[in-house]
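Hi,

Here is the structure I said I would pass on. Have a look at it first, and my notes follow underneath.

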Amino acid sequence: MENVAGKVVAITGASSGLGAETARHLVKAGAKVALGARRLDRLEALADELGREHCAIYQVDVVDRGQVQAFIDHAVNTFGRIDVMINNAGIMPLGPLEMLRLDEWDQCIDVNIKGVLWGVAAALPHFKAQKSGQFINVSSVAGHKVRAGNAIYAATKHSVRVISEGLRQEVKPYNIRTTVLSPGAVDTELPLSVKAEGVAEGIAQFYASTAIPASSFARCVLFAMSQPEGVDINEILFRPTNQEL
Ligand code: NDP
């Protein structure tokens, strides 16, 4: 795998699911990883699994911009640079608007939109100074499709695509690459963030029957990273073969 070994990759939401699996693939390919999330015990266990010399771990709530900055500072202090920022942390509190789960709307917007923005803000100055770097921002099929019951989540994931496209155009002078990764149903802990009664059960069933392994996502990350510096993979949208919508 070209263009991956030796790179320093910061990943938010690295304590489970797509982030953790991507870290495994990256370390196997010779990259160094900075792992951020709130559950420090999970990050500790992952660092033990991957080998401490390949990892920097940091407890971060992406809603807090100061903490995201401190996470990136920690990565740069540990490894001397940062090459890739994977803005992956996210939640999916689905449910129809009429349920008025306002706290969930608030949290979803804070984590899924502002969390990505704080990640961009923290890594961008480093990328500009280096005149190289890559953002990999995680959207979703819900960043392309709105359905009854997913309006807020879809709004956040559409936002990730919009922010990423604006960013892509703006950072051309600095040789920075911008990738949006939009998965369909992948087997992670994400369905656990659906709490609304009568909704959670259906989503759990859908994931149980449809979801594909997290390695599908990790391979896309490595594909986007491994292109020659002059090739900017801007978006990858993928689904389980049997996922209809
Ligand atoms: P998981 O629930 O397994 O992982 C979510 C990760 O986000 C965890 O590591 C969690 O860590 C972290 N996270 C959540 N809130 C915060 C926060 N406030 N601050 C820091 N970290 C946070 O789900 P996935 O791996 O599936 O989700 C990763 C991304 O992929 C999300 O953006 C999701 O929307 C997206 N996605 C997933 C799909 C799927 O089917 N799995 C489909 C489409 C998109 P902790 O709780 O320790 O903080």
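**What I found**

Let's start at helix 6, residues 200-210, where Thr210 is found. (Helices here are DSSP runs of H or I with at least four residues, strands are runs of E with at least two, and both are numbered from the N terminus.) Before going further: this is a predicted model, in which local features need pLDDT of at least 70 and side-chain atom pairs count only at pLDDT 80 or more, while totals for chains, interfaces and linings use all residues. Residues are numbered from 1 along each chain as its sequence is written, and side-chain values use heavy atoms, with hydrogens and water left out.

Thr210 has a relative accessible area of 8%, so it counts as buried. (Buried means under 20% relative accessible area, exposed over 50%, and partly exposed in between, with a 1.4 Å probe and protein chains only.) The Thr210 side chain reaches the backbone oxygen of Phe206 at 2.8 Å, and it also makes a polar contact of 3.1 Å with the side chain of Ser209. (A polar contact is a pair of N or O atoms within 3.5 Å; within protein, one must be able to donate a hydrogen and the other to accept it, and residues adjacent in sequence count only if both atoms are side-chain atoms.)

**The ligand**

Which residues come nearest to the ligand? Of the 30 around it, they are Ser15, Leu18, Arg38, Tyr153 and Thr188. (Being near takes a heavy atom within 4 Å.) By type, this shell splits into 15 nonpolar, 10 polar and 5 charged residues. (Ala, Val, Leu, Ile, Met, Phe, Trp, Tyr, Cys and Pro count as nonpolar, Asp, Glu, Lys and Arg as charged, and the others, Gly among them, as polar.)

Look at a few atom pairs here. A ligand nitrogen is 2.8 Å from an N or O atom in the side chain of Asp61. A ligand oxygen lies 3.2 Å from a polar backbone atom of Gly184, and an oxygen of the ligand is 2.6 Å from a side-chain N or O atom of Thr188. On its own the ligand has 880 Å² of accessible area, and the protein covers 96% of that. (These areas come from the Shrake-Rupley method with a 1.4 Å probe; for residues, only the protein chains shown count as cover.) Helix 1 (17-28) and helix 5 (151-170) are the elements that give two or more residues to the shell.

**Strands 1 to 3**

Strand 2 covers residues 32-37, and 5 of its 6 residues are buried, so the rest of the structure largely encloses it. With strand 1 (residues 8-12) it pairs in the parallel sense over 5 bridges. (Two strands pair if DSSP finds at least two bridges between them.) One bridge partner in strand 2 is Leu35, which goes with Ile11. Between these two strands the chain passes through helix 1, in a right-handed β-α-β crossover. (Right-handed means that, with the strands pointing away from the viewer, the path from the first strand over the helix to the second runs clockwise.)

Strand 2 also runs parallel to strand 3 (residues 55-59), and 5 bridges join them. Val33 stands opposite Cys55 of strand 3. Strand 2, helix 2 (residues 40-50) and strand 3 make a right-handed β-α-β unit.

**Strands 4 to 6**

How many of the 6 residues of strand 5 are buried? The count for this strand, residues 133-138, is 6 of the 6, so it too is largely enclosed by the rest of the structure. In a regular strand the side chains alternate between the two faces of the sheet. Here Gly133, Phe135 and Asn137 point one way, while Gln134, Ile136 and Val138 point the other way.

Strand 5 pairs in the parallel sense with strand 4 over 4 bridges, and Asn137 is the bridge partner of Asn87. The chain gets from strand 4 to strand 5 through helix 4, and this β-α-β crossover is right-handed. Strand 5 and strand 6 pair in the parallel sense over 6 bridges, with Phe135 opposite Thr178 of strand 6. The crossover from strand 5 through helix 5 to strand 6 is right-handed as well.

**Two loop residues**

Leu100 sits in the loop between strand 4 (84-87) and helix 4 (102-130). Its phi is near 55°, a positive value in a residue other than glycine, and at 57% relative accessibility Leu100 counts as exposed. Asn175, in the loop between helix 5 and strand 6 (176-183), has a positive phi of about 60° although it is not a glycine. Asn175 is partly exposed, at 37% relative accessible area.

Cheers
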